[in-house]
Every structure is written in C-alpha cells, then in structure tokens.
Amino acid sequence: MTGQHVLLVGGRGHELPKVRGLGVRYSMIQIPERADREHAAAAENYTVLDYRRLDTILPVVRAWHAADPFDAVLSFTEYGLEPASRCAIDLGVAGDNLSAVLLTRDKTRTRESLARHGLSPVRHRLCAEPADAREFMAGLGGCAIVLKPPAGGLSEGVYLVGSEAELAERWSLTTRWTEGPVLAEEYLEGPEFSVESVSQDGKHEVVMITEKCTFGAPGFVETGHQMPARLDSAAREAIESLVVRFLDVIGQRTGPVHTELRLTPAGPRLIEAQTRVGGDQIWEMTELVTGVDMIAETLAGLLGLPAPARTPRARAAAIRFLVFENTTVTGVGGLDEARRAPGVLRLLCTLTPGRTLGAVLSSDSRQGYVLCEGDDTPDAVAKAEAARDLVRIERAPLAQA
C-alpha cells in the first residue's frame, strides 16, 4: 500500500478495484440507492448521504480529513462532480478542476463559452416559459428544437419538439426534471458520437470515439454503443480537433472528459460534455479496446503515482441494452444461451416475471445489457445484437385502470 488516501463522492463501484489496484486507501460518501455493504467494508470511512448537499457532507469530510488526511477528492459520477471538486478545494488537496466542472455541468454555460470562442456554433436560448421556446422556434423558421434541463444527466428530460403543436407536452415532460428554466437548442441533424479523452496537467489525449444508438425521438435514451467508430480520416480529425479545442476552452487539467456530439453536414457540433468517464460501460469498452484505464490514470496523475500499463484486450466492442416500456413481464428466458453466445463478455438482466414497466424516461429506465467483443466494429455489433435477441422476454399489455 502507498499509504495514500482518497475520498470518493458517489460512484457505481467500478472505481474501487482501480483504487485498490494502485495500493491506495479510500473513503466514500454514497447515496442511499447505491449503498453497498461490500464497498463499505473495504472503506476507511463510509457514510450514506445526499452528496449533492455540500452543507451536509462538508462537516463529515472535514472531520474525516482531520483524523486521516485525504490526498485527493474525486467523483466519477455526474452529480458528484461539483461537490467533490468543492470539497477538494476546501481541504486544499488534489481534485477535479472546478472551473471545468462548472462549465460542463451547466449546459447553458457550455453553450455560452463555446459561443465566446467561436467554436461549434449551435443556436440556443434559456427559456423561462413555453412562450420563450415558442418564440425561439419561430426564429428558427419553425425548425425542430430540443428541450433539456440545463444541469441534467442520464438523458433525463431531453425531448425533441418537432412542431409547435408538440411544445406544451414536451415542455411539461422536461420540467419534471428541473425547477428552473429550460434550455432550448436547435436540433442537430447527423449521426451521434461520444468521445472519451483524458488529460494530464493540461495535455489532452483523445482516447476513443464511439458510435451511439438511441431509442429515437422524442427522448433519445441510448440503446447501444459500439467502438471504434467507423469514420473516415477527415471526420475523425475534425472531431478530435473540436474536442481538444473544447478541452482548452473549459480549462481541463487532469482527468477524463466524456463529450457527446453530432457529425452534421456543417461538421461536428458539440451537444454536451462532463468531466467524467462515459457511462453505459463505455469506460470499460474503451479500456478493453485501447488499454487506457482512464480512472486509474486520473488517480495516478493526481497522486503522483506511475500510470498503469496500457494493454488492449479486444479489437472492438459493442453493447446493446434491454429496453422495454409500458408492459408487464410475464416470462424471462434464454439468459444462459445468450451468455454462451460468441463474443459475450457479460449479460445483465434485471427483468423478472410480474414486473411492470412504465415509460423509458432516462438511462436508469433500462433493464440490462449484453456486452460483446469482436474482431472489428461490425463483428462486435452483430454479436451483441445476436446475443440480445436470444433473451426472450414474454410480455402482456398493462392492465387498464
């Protein structure tokens, strides 16, 4: 063990083996729905609190630090980024760059910062009421717009408005996820990608570009990803150039950034970004294909430890999610057969007979996934979709109230 000690604010647990692999001790603050006895048992300190409340967690963090000082405070989960950065500043230890966190957590600030630098122009407006969005849409000549919470995540509250007739309904759906104004943006046409990057002391590296599949309009919840993205050299260079310039604009120093964009007829246009690794197992897929462990490399960089070796284990990877809605599950089969299918690395299914499923409102609404490796991207996609299709979910219509 190095004797070094880090505080983790939230997380799904995949960070912990990487911390221990570096010989580093950890303490953790976790929200109730992700509390885990095994994670707690291996921690120096562990508490279950709403970590979005800085006034709630800071007294605890200070007390822990006084008894056993932290060398860094980090979060690799969306809503933990800002509190972790503010705790690091309060304690005077290493952590994520707060300015980069704030510029990416608030999507309106992201747009304003990009506009000031003449980078990735996207017409947008912060709207206090539906009339503002209606006026914005009219100013675009009636073109489609996207409504989203300025500080949301997990695809929560993101909805396409294709016509003025849809505005009232989609506005009400978005405002379920935010108490403040709504960000309206012009809808961008073109295939969607995500980009994983890692920075060390302000030097940026684009690690992977991933193709994205979604549930489609109006909500755009992801149904799958595959990598490496199939792009020609010009498109790849344009995407990488945009992302590196963006990382300079937000002042990213050390750590990962997950950037989402569309490749429009006018070139790549940034949708949003977060100073964390990509969710949906994108972090794991990236590590499989490139050997780059963005979590471990970030920890090592902040703690002054040697970076882990990069050892790729697959040529390509793909993931497909189980996504059903507005139905009752009556039977689940084919799981063992799917797990034995070619290329399958993991199958997760949370569905059980009798479970009632409502609408798919966010990434957390999905019910599992199959993760596959392949010889190339098309092969990985074919294997993931074949394995997914082996899972037999019997369903019945929801009972009418």
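## A small pair of enclosed spaces

K18, W283, E287, V292, D293, M294 and I295 line the second largest cavity. Two elements each give two or more residues to that lining: α10 (282–290) and α11 (294–303). By class, the lining has four nonpolar and three charged residues, with no polar ones. The space inside comes to about 30 Å³. Bear in mind that this is a predicted model, so everything here is computed from it.

How many cavities of 30 Å³ or more are there? The count is two. The largest cavity holds about 40 Å³ of space, and its lining is made up of L74, S75, F76, D96, T254, G255, P256, T275 and T298. Sorted by class, that lining has five polar residues, three nonpolar and one charged.

## The second largest pocket

Now for a space that is open. The second largest pocket has about 410 Å³ of space. Its lining has 19 residues, and R52, Y79, E82, R105 and A151 are the ones nearest the centre. Helices α4 (81–91) and α5 (98–105) are the elements that give two or more residues to this lining. Of the elements, α4 gives the most, with three residues.

What sort of residues face this pocket: nonpolar, polar or charged? The split is eight nonpolar, eight charged and three polar.

## Two nonpolar cores

In soluble globular proteins, nonpolar side chains tend to be buried together. Here, the largest nonpolar core has 37 residues. Those with the most contacts inside the core are V6, L8, V19, Y26, M227 and L299. A second core, separate from that one, has 22 residues, including L114, L119, I239 and V249.

Y26 is a handy residue to click on if you want to look around the largest core. Which residues does Y26 touch, once those up to four places away in sequence are set aside? The list runs H5, V6, L8, L16, V19, R20, H39, A42, A43, E44 and N45. Among them, V6, L8 and V19 also have a place with Y26 in the group with the most contacts inside the core.

## T223 on strand β12

T223 sits in strand β12, which covers residues 222–227. Is T223 buried or exposed? T223 counts as buried because its relative accessibility is 18%, and the cut-off for buried is under 20%. Setting aside neighbours within four places in sequence, T223 is in contact with C213, T214, F215, I319, R320, F321 and V323.

## Cysteines without partners

A disulfide is a covalent bond between the sulfur atoms of two cysteines. How many disulfides are there in this model? The count is zero. Take C127: the nearest cysteine sulfur belongs to C143 and is 16 Å away, whereas a disulfide needs the two sulfur atoms within 2.5 Å. C127 counts as buried because its relative accessibility is 0%.

C372 is in no disulfide either. For C372, the nearest cysteine sulfur is that of C213, 14 Å away. C213 has already come up, as one of the contacts of T223. As for C372 itself, a relative accessibility of 0% is why this residue counts as buried.

Technical notes. Residues numbered from 1 in each chain as written. Predicted model: local features only at pLDDT ≥ 70, side-chain atom pairs only at ≥ 80, totals over all residues. Heavy atoms only, no water. Core = buried A, V, L, I, M, F, W, Y, C linked by side-chain atoms within 4.5 Å. Buried < 20%, exposed > 50% of the residue type's maximum accessible area, 1.4 Å probe, protein only. Contact = heavy atoms within 4.5 Å. 1 Å grid on protein atoms, 1.4 Å probe; cavity = no way out; pocket = protein on both sides within 12 Å on 5 of 7 lines; lining within 4 Å. Points joined across faces, edges and corners; volume = space filled by probe spheres on them. Helix = DSSP H or I, 4+ residues; strand = E, 2+ residues; numbered from the N terminus. Nonpolar A, V, L, I, M, F, W, Y, C, P; charged D, E, K, R; others polar.
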